[in-house]
Amino acid sequence: IFFRYSSFSEMTPAVTPKCARISEKGSCFHRVLEGSVFCPLHACPVCKLEKPSSAKACPTHLSEATTGTSAVPLGKRKIPGPSLVPTLTQAAVTSGPQAAASGAPVATAIEAKFNTNSPGKTHYVVIQHGMDGTASELQWLKHIIQQQLGMATTVLVPEVNEGKTADGVKAGGHRLAEYIKHCVPAGSMISLVGHSLGGLFCRSAVGYLNAAGFLDKVIPVCFLTLSTPHLGIMDLEPLIIMGAAMTKGTSGVDMALQSSAIMELTDDVHLLGLQRFASRVLYGAATPPGCGSDPVVKFGTALLTVNDPTKVGPLVAGTAHVRQPIDAGQIADPATFALRLSGGDQVFQMLQRLGSLGWSRFPVTFSTQEICPHAAVIAHAHLDEQGQGKDVCKHVAGQLQDASDICMSFSDQVNKAQNQNAAADSNMSAGVAQWAAAPALSQVGNSLAAYYGTAQYGGSSVAAAQWPLCMGVAL
């Protein structure tokens with residue numbers, strides 16, 4: 001049940017162009033129709049260009065869609081070009097596929113769902129606790145995020161998994177997804193923050209939300225985890241792994257990789273859901289000399305890396321525990337993988353598949369005289385009474401703010417592009433009126449007919465509604 005794919009190439013998510021549809025209702029991310037930058041729902045089957053989703057074809061080719069008559073591809077709507085998409089996605093931690101098969105850029109996650117008439121959007125930050133955790137232990141993290149991001153942000157700490165964390169990754173993720181659908185209004189911005197097992201619940205919830213179409217209705221901003229065992233707990237001592245599987249219910253079995261639950265979090269539905277967030281951020285405890293290790297979640301599984309946990313960079317300015325971000329390391333090198341991580345081929349495949357997304361990885365270090373890093377990364381309200389991990393919480397808030405700023409900046413550029421489209425449509429309509437009044441109308445139609453070899457454009461009897469597209473071909 002673990003190995004549903006015969007090779008790593010099958011595990012790697014295909015870079016499939018996504019529909020370039022952008023409307024007042026948001027962006028569409030369905031797979032494109034062959035020969036188009038739009039999906040079958042939004043592409044005219046004749047000219048392969050944008051059409052109303054409720055229509056069988058665009059207005060000009062509505063009759064041809066049923067008769068099979070060939071038609072000339074006609075330019076209709078401008079979509080955001082390279083001047084928009086790369087600029088912001090480079091500033092973000094990562095981005096999705098940037099170009100369709102035709103070479104035109106397609107909509108990415110941070111183009112999503114902006115109502116151009118809205119003066120502002122509430123940013124909902126949902127924080128999920130870990131194994132045997134409670135909402136109250138996250139109060140410092142909640143307070144710091146709320147204080148730093150301001151009144152436009154609502155921080156939610158659900159209690160739906162309290163006392164139920166042993167039920168399994170799928171059950172915890174489903175409860176969290178239902179909570180989010182109930183509490184986060186459509187059109188809002190949303191970020192997910194998960195601690196320890198809570199990060200797996202968040203990944204599971206993203207799969208449910210993506211499959212249900214909920215991510216089409218909101219703006220995914222930041223997906224962030226702290227000390228989460230993304231690859232399971234196979235790096236721990238065998239007795240600890242066995243104990244988790246025996247005493248922590250279905251969740252323990254899942255994390256010990258004795259079920260397929262965590263492997264299934266790397267299928268296309270879950271990964272494409274993660275891909276829609278403007279940024280993805282990981283925190284995990286490193287162990288340079290003098291620093292304590294996380295006894296629960298090791299460096300590699302928390303940060304999706306095969307780098308040496310004893311070798312990290314300098315501290316981030318203004319923090320006492322957060323180090324400069326690292327990369328994934330040589331994850332394609334089996335020897336390096338075997339040296340750093342345990343778990344065999346299953347873990348290797350999950351690491352490769354998750355590594356196909358972009359992540360910002362921040363090691364955190366706490367001295368042996370400080371509290372356990374697993375609790376300190378969230379400034380655990382009950383275990384970190386001195387607040388040694390508050391600087392980590394402030395750094396988390398900064399990552400959420402940066403991702404939110406990127407989304408809002410992109411919103412401005414998308415709005416500008418939409419306004420340009422509207423102006424272009426207006427100019428086109430004005431031009432049509434002038435051409436329709438010109439005495440040489442039939443000559444233009446005859447020229448087009450001769451050039452394209454069809455009687456569709458011949459003579460002045462062509463309906464006025466068809467001439468905008470005729471002119472589009474001519475120009």
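Start with the whole chain on screen: of the contacts between residues at least 6 apart in sequence, 70% join residues at least 24 apart. Keep in mind that you're looking at a predicted model. Colour by secondary structure and you'll have 17 helices and eight strands to find. Of the 475 residues in the chain, 53% are buried. Switch on the surface, and you're viewing about 20,100 Å² of accessible area, with 55% of it belonging to carbon and sulfur atoms.

**Stop 1: Cys 19**

Select Cys 19, in the loop between helix H1 (8-11) and strand E1 (22-23). Is Cys 19 buried or exposed? With a relative accessible area of 0%, Cys 19 is buried. Now add His 42 to your selection: the two residues are 23 apart in sequence, and their C-alpha atoms are 8.1 Å apart in space.

**Stop 2: helix H4**

Next, show the side chains of Leu 141, Ile 144, Ile 145 and Leu 149, which are buried residues of H4. Turn the view to look down the helix: these residues cover an arc of only 110 degrees around the axis, which puts them on the same side of H4. Here's the background: an α-helix has 3.6 residues a turn, so residues three or four places apart point the same way. Step just past the end of H4 and you reach Gly 150, with a positive phi of about 90 degrees.

While you're in this area, pick Trp 140 and Lys 390. Lys 390 lies over the face of the Trp 140 ring, at 3.4 Å from the ring centre.

**Stop 3: salt bridges**

Side chains of opposite charge can pair when their charged atoms come close. How many salt bridges does a search of the whole structure find? The search finds seven. Let's visit three of them.

First, select Asp 132 and Lys 248, whose side chains meet in a salt bridge at 2.6 Å, N to O. Asp 132 is in the loop between strand E3 (123-128) and helix H4 (139-149), while Lys 248 is in the loop between helix H7 (238-247) and helix H8 (249-255), so the bridge ties together parts 116 residues apart in sequence. Asp 132 is exposed, at 53% relative accessible area, and Lys 248 is partly exposed, at 28%.

Then move to Glu 264 and Lys 170, where the closest N and O atoms of the salt bridge are 2.8 Å apart. This pair links distant parts of the chain, with Glu 264 in helix H9 (residues 261-264) and Lys 170 in helix H5 (residues 169-183), 94 residues apart. Both partners have a middling label: Glu 264 is partly exposed at 23%, and Lys 170 is partly exposed at 41%.

Last in this set, pick Arg 340 and Asp 308, with their closest N and O atoms 3.8 Å apart. Arg 340 sits in helix H12 (residues 334-340) and Asp 308 in the loop between helix H11 (299-303) and H12, so parts 32 residues apart in sequence are tied together. Arg 340 is partly exposed, at 31%, whereas Asp 308 counts as buried because its relative accessible area is 18%, under the 20% cut-off.

**Stop 4: two positive phi angles**

Most residues other than glycine have a negative phi, and most peptide bonds are trans. With that in mind, click on Leu 304, in the loop between H11 and H12. Its phi is near 50 degrees, a positive value, and Leu 304 is buried, at 1% relative accessibility.

Now jump to Ala 379, in the loop between helix H14 (373-376) and helix H15 (390-437). Ala 379 also has a positive phi, about 50 degrees, and is buried at 0% relative accessibility.

**Stop 5: aromatic rings**

Show the aromatic side chains, where the count comes to four aromatic pairs. Try Phe 223 and Trp 359, an edge-to-face pair with 6.5 Å centre to centre and 70 degrees between the planes. Phe 223 is in strand E6 (residues 219-226) and Trp 359 in the loop between helix H13 (344-355) and strand E8 (360-364), so this pair ties together parts 136 residues apart in sequence. Both Phe 223 and Trp 359 are buried. Add Phe 277 to the view: ring pairs link Phe 223, Phe 277 and Trp 359 into a cluster.

Key: Residues numbered from 1 in each chain as written. Predicted model: local features only at pLDDT ≥ 70, side-chain atom pairs only at ≥ 80, totals over all residues. Heavy atoms only, no water. Helix = DSSP H or I, 4+ residues; strand = E, 2+ residues; numbered from the N terminus. Buried < 20%, exposed > 50% of the residue type's maximum accessible area, 1.4 Å probe, protein only. Contact = heavy atoms within 4.5 Å. Areas by Shrake-Rupley, 256 points an atom, 1.4 Å probe, with all protein chains shown as cover. Salt bridge = Lys/Arg side-chain N within 4 Å of Asp/Glu carboxyl O. Arc of directions from axis to C-beta. Phe/Tyr/Trp six-rings, centres within 6.5 Å; stacked < 30°, edge-to-face > 60°. Lys NZ or Arg CZ within 6 Å of the ring centre and 35° of its normal.
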